[in-house]
Amino acid sequence: MSDLHPDVEPYESGHLDVSDGNSLYWETVGNPTGLPVVYLHGGPGSGCTLGGRRYFDPAVFRAVLFDQRGCGRSTPRVDDPSVDLSTNTTENLIADIERLRNHLGIDGWIVAGVSWGVTLGLAYAQAHPDRVLGMALGAITSGSAKEIDWITRDMRRVFPREWERFIETVPENERDGNIAAAYARLLAHPDRHVREHAALRWCEWEDTHVSLMPGWVPQPRYQDPVFRMVFARLVTHYWGHDCFLVDQTLYDGMGELADVPAVLVHGKYDVSGPLDTAWELHRRWAGSRLVVVDDAGHGGGGFTRHFVDAINSFAEVGAD
């Protein structure tokens, strides 16, 4: 079968006012009477793409996609350095998801997400397990300090030349500290050139640490200075604050999801997010099935096909 379903246009879309002056762009695609599923994009800050709609069989699913606070078509967008990020937190994103569910009149739904969307999905599901019918998760992350340190510091063992270029932007007296937080400060600098240089270097590093996936090509969205700034500000904001999660809290909360079925999809060659995170979450999650994609990294190869298959595996789930 084709990796992705046919391209479809939303049958409904809009903006939802949440809190702290934020308005979320949302859209629904597929079957208005189908099985509800919410898609949580990566990043933080990637926003939803047209391709995200194609993960879902339009004959089966009522798929809800939205741009998380500060990115995509949601407002205010954080490429404006005056936009305050203090209320852009995991707790508030969880509340936003619930507000959107209630706004759309959905009682329970499948939760699907990739990369950062996995961390957010797990946090949401642990807070509201009664609203989650199942989970399809790809490129597994948990937002732990260990994962953030791996990407921002320990990955220099794999890409030493590129890491030197990445770290040279950070003031010398901050290089032994929280690298993401140091970048976040640069991205809030009053000098536009300092901000833009930091965004460029951060996104170059993002491209580097996923570059071992089969079929990798540089991310074209990083050529857009607005996207680059939005993405870099939000990633560094969240990583600089340990994703606003007490370390290991998602692992410790897996008991809340014991009765929630899940499929976890992860690339064998994912250097950006090594397989041990997916393995450990799977071991703690009685209702989960782990699919290791032998020809994939942080995407690429057969990743998309297996992620779509994971979503399709819930096609027979009924919502009351």
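This report looks at one sheet and one pair of packed helices in a predicted model.

**The sheet**

Let's start with the strands. Eight of them form an open sheet with mixed pairing, and their order across the sheet is 1-2-4-3-5-6-7-8. At the edges sit strand 1 (12-17) and strand 8 (288-293), each of which pairs on one side only. Direction ignored, neighbouring strands of this sheet are turned by 20° against each other on average.

Now zoom in on strand 3. In the strand order, strand 3 stands between strand 4 and strand 5. The table shows how strand 3 pairs with these two neighbours.

| Pair | Sense | Bridges | Residues standing opposite |
|---|---|---|---|
| Strand 3 and strand 4 | parallel | five | Leu35 and Phe61 |
| Strand 3 (residues 35-40) and strand 5 (residues 109-114) | parallel | four | Val38 and Val111 |

Strand 5 offers another partner too: Gly113 is the bridge partner of Leu40.

Is strand 3 largely enclosed or open? Six of the six residues of strand 3 are buried, so the strand is largely enclosed by the rest of the structure. In a regular strand, side chains alternate between the two faces of the sheet. You can follow this along strand 3: Leu35, Val37 and Tyr39 point one way, while Pro36, Val38 and Leu40 point the other way, and all are buried.

A helix also meets this sheet. Helix 11 (residues 303-312) lies across strand 3, strand 4 (61-66), strand 5, strand 6 (132-138), strand 7 (262-267) and strand 8. Helix 11 runs at about 175° to strand 6.

**A pair of helices**

Next, turn to helix 6 and helix 8. Two packed helices are described by the angle between their axes and the distance between the axes. Helix 6 (residues 179-187) packs against helix 8 (residues 225-240) at an angle of about 140°, and their axes are 8 Å apart. Because of that angle, helix 6 is oblique to helix 8. The crossing of helix 6 past helix 8 is left-handed.

Which residues meet where these two helices touch? From helix 6 come Ala180, Ala181, Tyr183, Ala184 and Leu187. From helix 8 come Met229, Ala232, Arg233, Thr236, His237, Trp239 and Gly240. Sorted by class, the contact of helix 6 with helix 8 holds eight nonpolar, three polar and one charged residues.

How values were computed. Residues are numbered from 1 along each chain as its sequence is written. This is a predicted model: local features need pLDDT of at least 70, side-chain atom pairs count only at pLDDT 80 or more; totals for chains, interfaces and linings use all residues. Side-chain values use heavy atoms; hydrogens and water are left out. Axes are lines fitted to C-alpha atoms, for helices over the stretch in contact, and angles run from 0 to 180 degrees between N-to-C directions. Angles under 35 degrees count as roughly parallel, over 145 as roughly antiparallel, 65 to 115 as roughly perpendicular and the rest as oblique. A crossing is left-handed if the near helix is turned anticlockwise from the far one by less than a right angle, and right-handed if clockwise. Contact means heavy atoms within 4.5 Å. Ala, Val, Leu, Ile, Met, Phe, Trp, Tyr, Cys and Pro count as nonpolar, Asp, Glu, Lys and Arg as charged, and the others, Gly among them, as polar. Two strands pair if DSSP finds at least two bridges between them. Buried means under 20% relative accessible area, exposed over 50%, partly exposed in between (1.4 Å probe, protein chains only).
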